[in-house]
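Colleague: Before I rely on the labels attached to this model, I would like to go through the reasoning behind them. Could you take me through them one at a time?

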Amino acid sequence: MAKVYVFDHPLIQHKLTFIRDKNTGTKEFRELVDEVATLMAFEITRDMPLEEIEVETPVGKANAKILSGKKIGVVPILRAGIGMVDGILKLIPAAKVGHIGLYRDPETLKPVEYYVKLPSDVEERDFILVDPMLATGGSAVEAVNSLKKRGAKSIKFMCLIAAPEGVETLKKAHPDVDIYIAALDEKLNEKGYIVPGLGDAGDRLFGTK
């Protein structure tokens, strides 16, 4: 079954408070999301495998460690997920970036895939799928479907704030995808917004209404 990790790091929690604040403007909101994504990337990469090599220091030889294993792919769910990408790339600059675009069908209310662009070596990469919010879980489930359909074998989902309903939906649909979140909130309201949440992440990132 999928594991759920809630990051209680003081810096993440501190910055998340200002992300939630309705008085935080677009510029500051964008910078804070970027910073929290970097801090979360530090935590999410904790289990990356290492291999030992020998390097020559100015003083002598040293046994040192470098990353081994699969290459990383970062995939934001459009559009709000874009706000988290640069923060992750600061720590993993060699990662390739894909994109998944989904819209909600007005009649069925289900997410529909309209755009997918991924690195060519999908099967060889460990993917970090990112979206600031995990609300109903519908978009996250569909985005994981999109990755798996194209051959992805290793996927982690990372978001700032999740509702219990979204976590359960994603876990049930994809028990092999671990979930990494900065805060697990109380519930969804009747409009499908996370309470207390932070409002619409896309609008707050890009200054739209």
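Modeller: Let me begin with a definition: a pocket is an open set of grid points where a 1.4 Å probe fits, with protein on both sides within 12 Å along at least five of seven lines, and a residue lines it when one of its atoms lies within 4 Å of a point. The model is a predicted one, and its largest pocket is lined by 27 residues, of which Arg104, Asp131, Ala135, Ser139 and Asp200 lie nearest the centre.

Colleague: What is the volume of the largest pocket, and which elements supply at least two residues of its lining?

Modeller: The volume is about 840 Å³, and at least two lining residues come from each of β4, β6, β9 (133-134), α4 (138-149) and α6. By residue class, the lining of this largest pocket divides into 14 nonpolar, seven polar and six charged residues.

Colleague: Why is the pair of Phe7 and Tyr180 called tilted?

Modeller: Planes under 30 degrees apart would count as stacked and those over 60 as edge-to-face; the planes of Phe7 and Tyr180 stand at 40°, with the ring centres 6.0 Å apart, so the pair is tilted. The pair links distant parts of the chain, since Phe7 is in the loop between β1 (4-6) and α1 (10-20) and Tyr180 is in strand β11 (residues 178-184), 173 residues apart.

Colleague: Why do Phe7 and Tyr180 carry the label they do, buried or exposed?

Modeller: The cut-off for buried is under 20% relative accessible area; Phe7 has 8% and therefore counts as buried, and Tyr180, with 5%, is buried as well. Ring pairs also link Tyr5, Phe7 and Tyr180 into a cluster.

Colleague: What makes Tyr103 and Tyr114 a tilted pair?

Modeller: Their ring centres are 6.3 Å apart, which is within the 6.5 Å required, and their planes stand at 40°, so the pair is tilted. Tyr103 belongs to strand β6 (residues 99-104) and Tyr114 to strand β7 (residues 111-117), 11 residues apart. Tyr103, at 41%, and Tyr114, at 48%, are each partly exposed, because that label covers values between 20% and 50%.

Colleague: How do you know which residues touch the most other members of the largest nonpolar core?

Modeller: Membership requires buried residues of the nonpolar kinds joined through side-chain atoms within 4.5 Å, and of the 37 residues in this core, Ile19, Met40, Ile88, Met158, Leu160 and Ile161 touch the most other members. The element that gives the most to this core is α2, with eight residues. Apart from this core lies another, of 24 residues, among them Val75, Ile77, Phe127 and Leu147.

Colleague: Which residues does Ile19 touch, not counting those up to four places away in sequence?

Modeller: With those neighbours left out, Ile19 touches Phe29, Leu32, Val33, Val36, Leu160, Leu198 and Arg204.

Colleague: Why is Ser68 called buried, whereas Gly60 counts as partly exposed?

Modeller: The boundary lies at 20%: Ser68 has a relative accessible area of 18% and is therefore buried, while Gly60 has 21% and so counts as partly exposed. Ser68 is found in the loop between β3 (61-67) and β4, where, not counting residues up to four places away in sequence, Ser68 touches Pro49, Leu50 and Glu51. Gly60 is found in the loop between β2 (50-56) and β3, and its C-alpha atom is separated by 57 Å from that of Pro111, 51 residues apart along the chain.

Key
Residues numbered from 1 in each chain as written. Predicted model: local features only at pLDDT ≥ 70, side-chain atom pairs only at ≥ 80, totals over all residues. Heavy atoms only, no water. Helix = DSSP H or I, 4+ residues; strand = E, 2+ residues; numbered from the N terminus. Buried < 20%, exposed > 50% of the residue type's maximum accessible area, 1.4 Å probe, protein only. Contact = heavy atoms within 4.5 Å. 1 Å grid on protein atoms, 1.4 Å probe; cavity = no way out; pocket = protein on both sides within 12 Å on 5 of 7 lines; lining within 4 Å. Points joined across faces, edges and corners; volume = space filled by probe spheres on them. Nonpolar A, V, L, I, M, F, W, Y, C, P; charged D, E, K, R; others polar.
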